[in-house]
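Grab your viewer and a coffee. Below is a set of exercises, each with a solution you can follow step by step.

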Amino acid sequence: MTLEINNEFLDNLTELIASKNDKKISALFAEVHFADIAEVLDELDFDEAIYIIKLLDSEKTSEILTELDEDTREKILENLSAREIADEIGEMDTDDAADIIGELSEERQRRVINALEDDDLAADIKELLSYDDNTAGALMAKELVKVYETWTVAGCMRRIRGQAKEVTRVHSIYVVDKEEKLVGRLSLKDLITSKSDQKIADILKPKVDAVNVHEDDEEVAKIMAKYDLEAIPVVDDNNVLLGRITIDDIVDVIRDEADKDYQMAAGFSQDVEVNDTIWELTKARLPWLILALFGGFISVSVLGSFDSAMVKYKELFFFTPLIAAMAGNVGVQSSAIIVQGLANDSLKGSLFRRLLKEILQGLLNGFVLAALLMSAGMLFLGFPLDLGITVAASLISVIVIASIIGTFIPIILAKRGIDPALATGPFITTSNDILGILIYFSIAKLVLGF
């Protein structure tokens, strides 16, 4: 059941909480999806959110916690005891449980893990917390359906019933040998349609895509997207099966990476949220603003070196912001296309061919825009021919050069292990602004002879 969250609903809920009408509150949320409840809690006052968390059963609130805004979840966890958190964790998949516990201080992590009644769950969480962030190991869940190649189909069916109870959705059945090494996979269809006395080794599919536990999470996302996988097994360096990663976790990786790239392109030096403090937002924005400030100083210096031209040809001044803006815009467009290609691994072919394509495309755009600008300037503003040629030639040159830089810089950054999204932000805009002004006045000096 979906929930329409509006002011009227929130006001009514607040009244129910104030009157401590637990029965009605429980009934209200009985058939509501946990993601909708999390959205409601994000809108409520903190005390009201805590009240509902403690009222609802752990089976539901454990799911709610994974969907809450990080700031809201952090405040709620701070007001729950180690035992209460352990009760919530006990209802989660291991990957979600590790993520939640990972947000706590080391002391609280130890206390919560010690409070867990399930020793196997505690061991699994400790293992997941031991892996580096942004790796397959940190992303995987331990829950999966695993069978041995020596089993028969009948024996396999009996044994997997117990395993499947712990798995929310069975995408594949993984087959291992006596050393726990991954040797293949089964689909439920293969298992159901096979004879009961057949050996698993005879019906398994030996080709199975898997990722190493230390693989970068972005690489895992690319693999799953490329092969259209709903889940992928995780193995160690000896091919021992450790866990699996499901598509819901990959969606989170893709979303987080998109947010990070968008913020970097907008000129943020670190991840920020809309509810972060003024100081945190300032720290994220200020470095790039300082870079832009220095870029502005350089632009002023370039303009100052051509002050005599500005006196003699005042019209040149009016086109300066246009040339600089076009350089920045074209550079951002070109770099955005390359960054997108690098992100989804669709960038193919040699660098030379890519640059040649951008040069030809830049020339075409440049000639069209220059023709429009030159015609408008001469017909409506009465500019002389030599000035029109200066502006048109500058515009073409700036567009071609900006296209090359916008293409070249992201590729070089990616080859050096630096996030290429950096090239779509103030870095490339500022550099192209400076370069555009320099090219403009250099061509003006050449054509007008000052």
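The exercises that follow go through salt bridges, surface patches, backbone angles, annotated spans and contacts in a predicted model.

**Exercise 1. Salt bridges across the sequence**

Task: Find which residue pairs with E117 in a salt bridge, and work out which parts of the chain the pair ties together.

Solution:
- Step 1. Start with the general idea: side chains of opposite charge can pair when their charged atoms come close.
- Step 2. Searching the whole structure turns up nine salt bridges.
- Step 3. For E117 the partner is R83, and their closest N and O atoms are 3.8 Å apart. The cut-off is 4 Å, so the pair counts.
- Step 4. Now place both ends: E117 sits in the loop between helix 9 (106–115) and helix 10, while R83 belongs to helix 7 (residues 82–89), so the bridge ties together parts 34 residues apart in sequence.
- Step 5. Check the exposure of each end. E117 has a relative accessible area of 70%, which makes E117 exposed. R83 comes out at 39% and counts as partly exposed.

**Exercise 2. Two more bridges**

Task: Work out how many residues separate E127 from K142 in sequence, then do likewise for K222 and E219 within helix 15.

Solution:
- Step 1. E127 and K142 form a salt bridge whose closest N and O atoms are 3.1 Å apart.
- Step 2. E127 is part of helix 10 and K142 is in the loop between helix 11 and strand 1 (145–148), so this pair ties together parts 15 residues apart in sequence.
- Step 3. E127 is partly exposed, at 22% relative accessibility.
- Step 4. Move on to K222 and E219, whose side chains meet in a salt bridge at 3.7 Å, N to O.
- Step 5. These two are three residues apart in helix 15, so about one helical turn separates K222 and E219.
- Step 6. Both ends are partly exposed: K222 has 25% relative accessibility, and E219 has 34%.

**Exercise 3. Two surface patches**

Task: Find which helix gives the most residues to the negative patch, then say which residues make up the nonpolar patch.

Solution:
- Step 1. Select D57, E59, E63, E67, D87 and E91; together they form a negative patch on the surface.
- Step 2. Helix 5 (residues 58–67) gives the most to this patch, namely three residues.
- Step 3. E63 is in helix 5. E63 has a relative accessible area of 32%, so E63 is partly exposed. Patch members need over 30%, so E63 passes that test.
- Step 4. For the nonpolar patch, pick L286, L289, I290, L293, F294 and F297, which share about 620 Å² of accessible area.
- Step 5. L293 is located in helix 17 (residues 278–304), and with 51% relative accessibility L293 counts as exposed.

**Exercise 4. Positive phi without glycine**

Task: Find where N134 and D228 lie, and decide whether each is buried or exposed.

Solution:
- Step 1. N134 has phi near 65°, a positive value in a non-glycine residue. D228 isn't a glycine either, yet its phi is positive at about 55°.
- Step 2. N134 falls in the loop between helix 10 (119–129) and helix 11 (136–139). D228 falls in the loop between helix 15 (217–226) and strand 5 (231–235).
- Step 3. N134 is exposed with 51% relative accessible area, and D228 is exposed with 68%.

**Exercise 5. Annotated spans**

Task: Find how far apart the end C-alpha atoms of residues 318–342 lie.

Solution:
- Step 1. An unreviewed UniProt entry puts the feature "transmembrane region" at residues 286–306, 318–342, 363–383, 389–414 and 421–443.
- Step 2. For residues 318–342, the end C-alpha atoms are 38 Å apart, and the span is 100% helix and 0% strand.
- Step 3. Repeat for residues 389–414: the ends again lie 38 Å apart, C-alpha to C-alpha, with 100% helix and 0% strand.

**Exercise 6. Buried residues and their distances**

Task: Decide whether G377 and E88 are buried or exposed.

Solution:
- Step 1. G377 is in helix 20 (residues 351–380). Its relative accessibility is 4%, so G377 counts as buried.
- Step 2. L387 is ten residues from G377 in sequence, and their C-alpha atoms are 9.1 Å apart.
- Step 3. E88 is in helix 7 and is buried too, with 7% relative accessible area.
- Step 4. E88 and I100 are twelve residues apart along the chain, and 9.9 Å separates their C-alpha atoms.

Key:
Residues are numbered from 1 along each chain as its sequence is written. This is a predicted model: local features need pLDDT of at least 70, side-chain atom pairs count only at pLDDT 80 or more; totals for chains, interfaces and linings use all residues. Side-chain values use heavy atoms; hydrogens and water are left out. Patches are made of residues with over 30% relative accessible area and no salt bridge: like charges are joined within 9 Å, nonpolar side chains (Val, Leu, Ile, Met, Phe, Trp, Tyr) within 5 Å. Accessible areas come from the Shrake-Rupley method with a 1.4 Å probe; for residues, only the protein chains shown count as cover. Lys and Arg count as positive and Asp and Glu as negative; His and the chain ends are not counted. The place of a charge is taken as NZ of Lys, CZ of Arg, CG of Asp or CD of Glu. Helices (H or I, at least four residues) and strands (E, at least two) are DSSP runs, numbered from the N terminus. Buried means under 20% relative accessible area, exposed over 50%, partly exposed in between (1.4 Å probe, protein chains only). UniProt positions are given in the numbering used here, feature names are shortened, and annotations may be inferred rather than shown by experiment.
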